[in-house]
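The following exercises concern burial, strand pairing, salt bridges and a pocket. Please attempt each task before reading its solution.

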Amino acid sequence: MYCKLTTRDLTTYKGFEWRIGEWYSIPSEDRNSKLCTAGFFHCYDSPYLAAWLNFMHANITDPRLFEVSVKGRRRVGDDKKFGFTMMKLD
């Protein structure tokens, strides 16, 4: 299971707008090997970890928590943050 935090209006980094149940993909020209870039959608493998690390990563006030489905390239960070090139909010 992977999970993601969004704002109350379903936005994330730089105002990216999500819709529940819709797949999103990182364009191939934006993909790179670094996790903490716009080349990956970010998530966590635990809702507790997502909430605990929120203040260090996204710092979303009053976040919403979603389970996500993922596909594509995967990256894992030392801080248990994951990145995928395809994601949808479930």
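A residue counts as buried when its relative accessible area is under 20%, as exposed when that area is over 50%, and as partly exposed in between. The model examined here is predicted.

**Exercise 1.** Determine which residues of strand 3 are buried on each of its two sides.

*Solution.* Step 1: recall the general pattern. In a regular strand, side chains alternate between the two faces of the sheet.

Step 2: apply the pattern to strand 3, which spans 41-44. Phe41 and Cys43 lie on one side, while His42 and Tyr44 lie on the other.

Step 3: assign burial. These four residues are all buried, and both faces of strand 3 are therefore covered.

Step 4: locate the neighbouring strand. Strand 3 pairs with strand 5 (residues 81-89) in the antiparallel sense, over four bridges. In this pairing, His42 has Gly83 of strand 5 as its bridge partner.

**Exercise 2.** Describe the largest nonpolar core and identify the strand that gives the most to it.

*Solution.* Step 1: state the general expectation. Nonpolar side chains tend to be buried together in soluble globular proteins.

Step 2: examine the core. The largest nonpolar core has 13 residues, and Trp18, Cys43 and Met87 have the most contacts inside it.

Step 3: trace the contributors. At least two residues of this core come from each of strand 3, strand 4 and strand 5. Strand 5 gives the most, with four residues.

**Exercise 3.** Which parts of the chain does the salt bridge between Asp62 and Arg8 tie together?

*Solution.* Step 1: establish the contact. The structure holds four salt bridges. In one of them, the side chains of Asp62 and Arg8 meet at 3.2 Å, N to O.

Step 2: place both residues. Asp62 lies in the loop between helix 1 and strand 4 (64-76), and Arg8 in the loop between strand 1 and strand 2 (24-25), so the pair ties together parts that are 54 residues apart in sequence.

Step 3: classify accessibility. Asp62 is partly exposed at 48% relative accessibility, and Arg8 is partly exposed at 49%.

**Exercise 4.** Classify the residues of the salt bridges Glu22–Arg19 and Asp90–Lys88 as buried, partly exposed or exposed.

*Solution.* Step 1: consider Glu22 and Arg19, whose closest N and O atoms are 3.8 Å apart. Glu22 has a relative accessible area of 32% and is partly exposed. Arg19, at 53%, is exposed.

Step 2: consider Asp90 and Lys88, whose closest N and O atoms are 3.8 Å apart. Asp90 is partly exposed at 40% relative accessibility. Lys88, at 19%, counts as buried because the limit for that class is under 20%.

**Exercise 5.** Characterise the lining of the largest pocket by position and by residue class.

*Solution.* Step 1: recall how empty space is found. Rolling a probe the size of a water molecule over the atoms shows where such space is left.

Step 2: give the extent. The largest pocket has a volume of about 620 Å³ and is lined by 27 residues. Lys4, Thr12, Tyr13, Phe40 and His42 lie nearest its centre.

Step 3: assign elements. Strand 1 (2-6), strand 3 and helix 1 (47-57) each supply at least two lining residues.

Step 4: divide by class. The lining comprises 16 nonpolar, eight polar and three charged residues.

Terms used:
Residues numbered from 1 in each chain as written. Predicted model: local features only at pLDDT ≥ 70, side-chain atom pairs only at ≥ 80, totals over all residues. Heavy atoms only, no water. 1 Å grid on protein atoms, 1.4 Å probe; cavity = no way out; pocket = protein on both sides within 12 Å on 5 of 7 lines; lining within 4 Å. Points joined across faces, edges and corners; volume = space filled by probe spheres on them. Nonpolar A, V, L, I, M, F, W, Y, C, P; charged D, E, K, R; others polar. Buried < 20%, exposed > 50% of the residue type's maximum accessible area, 1.4 Å probe, protein only. Pairing = 2+ DSSP bridges. Core = buried A, V, L, I, M, F, W, Y, C linked by side-chain atoms within 4.5 Å.
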